[in-house]
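Me: I am a first-year student learning to read protein models. Please look closely at the aromatic rings, and then place them beside the cysteines, the helix packing and the unusual backbone positions.

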Amino acid sequence: MTANQKVVTASEMQTIENQWFDSGAITLEVLMDRVGRAIAEWVLEDLGDQAEHATVFSLAGKGNNGGDAIVAARYLVEAGVNAIVGLVLPRPDDDPLLCAFNEAGGSAVALNGDAGHSQMANLCDKSNLILDGVFGFSISRPIAEPIASLFEIAKNSGKRTVAIDMPSGADPDTGEFDHNGLPTDVCLSVGLHKLGPAIRFGDPHFGTKIEVLDVDVPSELTEPYKREVNNFALAKSLLPDRDAAGHKGDFGRSLLICGSSTYVGAASLATQSCLRSGVGLVTLATPTSAYEALAGNLPETTYLPLDEDANGVLPGPAFTKIQQNIPAVDSVLFGVGLSLSYGARELTSRLTSKRDIWEGHTVVIDADGLTLVSQMPEWWEIFDGNLVITPHPGEMSRLLDIPISQVEADRRAAVEMASERFNCVAVLKGATTLIASADGRLRINMMPNHGLARGGTGDVLAGLLAGLCAKTDPFDAASLGVYLHSQAGLLAREQLTPYAMTAGDLLKHLPDAFRALAS
């Protein structure tokens with residue numbers, strides 16, 4: 001796996017291909033042959049010892065995606081596999097790809113007319129695997145009859161389905177899925193990751209695996225594109241070096257403004273995570289009630305106890321104490337477990353009204369902090385770009401003042417809108433987490449884990465990011481932190497199951513996640 005796995009839209013992929021053709025280095029026919037061969041090789045490896053007795057049913061449309069499916073079927077036939085092409089959409093009788101397939105000993109069936117449904121059911125029943133090469137990223141309208149019924153037969157067959165580029169019915173850029181589409185078990189993305197499946201990975205329609213088929217796309221053609229997968233190799237390259245002779249001050253200082261009388265645990269999780277980030281010094285500014293509960297349990301932390309009353313922290317004294325301590329730190333986390341009390345609102349108002357105190361400091365805002373700042377006018381301007389926000393879709397909808405449904409319909413557009421509007425690094429959490437920077441870069445963390453869908457896991461992420469931001473570029477720190485958090489979650493799930501794992505278990509597995517990168 002390379003460090004730089006680019007992700008492109010449908011139009012960008014078409015541009016890359018056209019530039020490749022225009023260069024004279026390759027033709028469409030050669031590329032299609034290369035793609036079909038790569039698909040066939042993947043299928044043969046997947047089938048293993050069963051290949052010579054297997055039947056592969058290759059569904060083909062009328063475009064290049066269908067052509068890839070036909071070429072793959074030809075290579076499978078030549079390898080001794082019983083491969084059958086089902087023409088979901090008609091192709092010309094003199095189609096050279098079909099002619100070559102027939103000459104190799106394959107058979108093609110037109111799935112139209114009254115007999116189409118019975119043929120589809122019969123062939124699905126006989127097959128070990130279904131290849132979906134009907135639409136790819138060329139789909140331009142909702143799927144209707146008779147194709148909808150053919151796909152329904154394939155779905156009901158229970159046979160394993162492998163999609164070429166993406167499942168038929170998926171929007172190539174947003175990942176939204178047509179209810180009449182054909183879900184897949186595996187996506188074989190040709191050349192580069194496609195944006196829609198990448199940002200929706202984890203949704204059942206896209207299966208459990210997306211693999212990129214290497215067809216030697218020239219790197220100079222993909223260089224201009226700023227989206228990439230947030231994978232192991234990239235995270236390893238982002239891990240900060242540590243000076244063997246360094247002291248604690250060399251590794252950064254973080255201040256966490258977190259917690260309240262009702263959310264003591266949130267402050268504890270964020271602080272423990274920050275302590276495990278590699279940062280040198282951590283200070284927790286928290287109301288006295290939370291301080292009294294935590295001080296004996298977090299001995300590595302120094303504290304700024306904040307006076308409080310029935311309305312939460314006393315904003316005036318709290319602001320003065322925090323302001324005095326900010327010059328000594330490199331990064332600040334604000335908002336985890338802070339509550340939405342009157343005192344928290346007033347403290348937020350004061351903290352977002354003075355630009356000079358934040359100069360040279362990276363600020364991470366999460367949880368209650370995001371809800372509070374969403375109520376403040378032009379709150380982001382004082383941070384001068386040294387800002388990381390970590391919303392879930394509900395918090396993102398409040399920040400952007402758009403419906404949650406709009407955020408979820410186009411997650412990429414939402415996170416890029418936030419990073420541009422707020423001049424920040426925006427982390428949109430979800431099964432697939434998106435990390436966007438104000439300069440247009442986007443990293444996609446494709447590590448879904450429903451074991452993380454529980455209280456406290458976001459607090460762990462926020463604390464980890466705060467510590468990493470103390471000495472690392474905010475975009476790289478956010479990318480590295482999201483990867484480490486996801487990897488710790490996968491390790492916890494493997495050991496404890498997604499049912500029994502807790503946010504606290506992520507803290508136990510963070511060292512293992514770091515060790516894998518540092519080895």
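Reply: The rings come first, followed by the other topics in turn.

The model is predicted, so local features require a pLDDT of at least 70 and side-chain atom pairs count only at pLDDT 80 or more, whereas totals for chains, interfaces and linings use all residues. Residues are numbered from 1 along each chain as its sequence is written, and side-chain values use heavy atoms, with hydrogens and water left out.

A pair of aromatic rings is described by the distance of the centres and the angle of the planes. Here, rings of Phe, Tyr and Trp (its six-membered ring) pair if their centres lie within 6.5 Å; planes under 30 degrees apart count as stacked, over 60 as edge-to-face and the rest as tilted. The whole structure contains eight aromatic pairs. One of them joins F177 and F206: the ring centres are 6.2 Å apart and the planes stand at 80 degrees, so this pair is edge-to-face. To place these residues, one needs the secondary structure: helices (H or I, at least four residues) and strands (E, at least two) are DSSP runs, numbered from the N terminus. F177 belongs to the loop between strand 6 (160-164) and strand 7 (186-190), and F206 to the loop between helix 7 (195-199) and strand 9 (209-213), so the pair ties together parts 29 residues apart in sequence. Both F177 and F206 are buried, where buried means under 20% relative accessible area, exposed means over 50%, and partly exposed lies in between (1.4 Å probe, protein chains only).

W379 and W380 form another edge-to-face pair, with 5.7 Å from centre to centre and 85 degrees between the planes. Both of these tryptophans, W379 and W380, are buried. Ring pairs also link W379, W380 and F422 into a cluster.

Rings may also have a charge over the face: this is counted if NZ of Lys or CZ of Arg is within 6 Å of the ring centre and within 35 degrees of the ring normal. R74 takes this position over Y75, at 4.6 Å from the ring centre. R242 likewise lies over the face of F251, at 3.8 Å from the ring centre.

The cysteines come next. A disulfide is a covalent bond between the sulfur atoms of two cysteines. It is recognised as a pair of cysteine sulfur atoms within 2.5 Å. The structure holds zero disulfides. For C187, which is in no disulfide, the nearest cysteine sulfur is that of C124, 18 Å away. C424 is in no disulfide either, and its nearest cysteine sulfur, that of C469, is 11 Å away. C187 is buried, with a relative accessible area of 0%, and C424 counts as buried at 2%.

The next topic is helix packing. Two packed helices are described by the angle between their axes and the distance between the axes. Axes are lines fitted to C-alpha atoms, for helices over the stretch in contact, and angles run from 0 to 180 degrees between N-to-C directions. Angles under 35 degrees count as roughly parallel, over 145 as roughly antiparallel, 65 to 115 as roughly perpendicular and the rest as oblique. The axes of helix 19 (residues 474-500) and helix 20 (residues 503-518) come within 8 Å and cross at roughly 125 degrees, which makes helix 19 oblique to helix 20. Helix 5 (residues 116-126) packs with helix 6 at about 25 degrees, the axes being 9 Å apart; these two helices are therefore roughly parallel to each other. N156 is found in helix 6 and is exposed, with a relative accessible area of 59%. The C-alpha atoms of N156 and A121 are separated by 9.2 Å, although their positions lie 35 residues apart along the chain.

Finally, some backbone positions deserve attention. A cis peptide bond joins E145 and P146, with omega at about 5 degrees. P146 is placed in the loop between strand 5 (129-133) and helix 6 (147-157). D401, a residue other than glycine, has a positive phi near 55 degrees. D401 lies in the loop between helix 15 (393-400) and helix 16 (404-409) and is exposed, with a relative accessible area of 69%. T497 also has a positive phi, near 75 degrees, and is not glycine. The place of T497 is in helix 19, and T497 is partly exposed, with a relative accessible area of 36%.
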